[in-house]
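Colleague: Got a minute to go through this one with me? I'd like to start with the core.

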Amino acid sequence: MSKKTLKLRFNTENSGTLYWRALIDGVEHLADHVDIRVPSYTSQDTLPDGRIKWHISADYTELVWEGTNLIVK
């Protein structure tokens, strides 16, 4: 199985739940908790409007969702 990259950002618009924005294949998913079980690193993207966004990123082979909790393997 090939590895893919997950990007995590803190969700500044949370309302006491769903604290993390998980960018998976360019699609945003929200999570309460993320358990990263692979090496991680920081990365940045420049959005089309010029804003810079920072991430905790990880290359993974498997993602497991347990409700709103995400496990990165």
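Modeller: Sure. The largest nonpolar core has eleven residues: Leu6, Leu8, Ala22, Ile24, Ala31, Val34, Val38, Ala58, Tyr60, Leu70 and Val72. A nonpolar core here is a set of buried Ala, Val, Leu, Ile, Met, Phe, Trp, Tyr and Cys residues joined through side-chain atoms within 4.5 Å, and buried means under 20% relative accessible area with a 1.4 Å probe, protein chains only.

Colleague: Which elements give two or more residues to this core?

Modeller: β1 (4–10), β2 (20–24), β6 and β8. Strands are DSSP runs of E, at least two residues, numbered from the N terminus.

Colleague: Is this predicted, and what's filtered?

Modeller: It's a predicted model, where local features need pLDDT of at least 70 and side-chain atom pairs pLDDT 80 or more, while totals for chains, interfaces and linings use all residues. Residues are numbered from 1 along each chain as its sequence is written, and side-chain values use heavy atoms, leaving out hydrogens and water.

Colleague: What does Ala58 touch?

Modeller: Among them Leu6, Val38 and Val72, not counting residues up to four places away in sequence. Contact means heavy atoms within 4.5 Å.

Colleague: Switching to His55: buried or exposed?

Modeller: Buried, with a relative accessible area of 3%. His55 is in strand β6 (residues 52–60).

Colleague: Which side chain does the His55 side chain make a polar contact with?

Modeller: Arg9's, at 3.1 Å. A polar contact is a pair of N or O atoms within 3.5 Å; within protein, one must be able to donate a hydrogen and the other to accept it, and residues adjacent in sequence count only if both atoms are side-chain atoms.

Notes
Helices (H or I, at least four residues) and strands (E, at least two) are DSSP runs, numbered from the N terminus. Buried means under 20% relative accessible area, exposed over 50%, partly exposed in between (1.4 Å probe, protein chains only).
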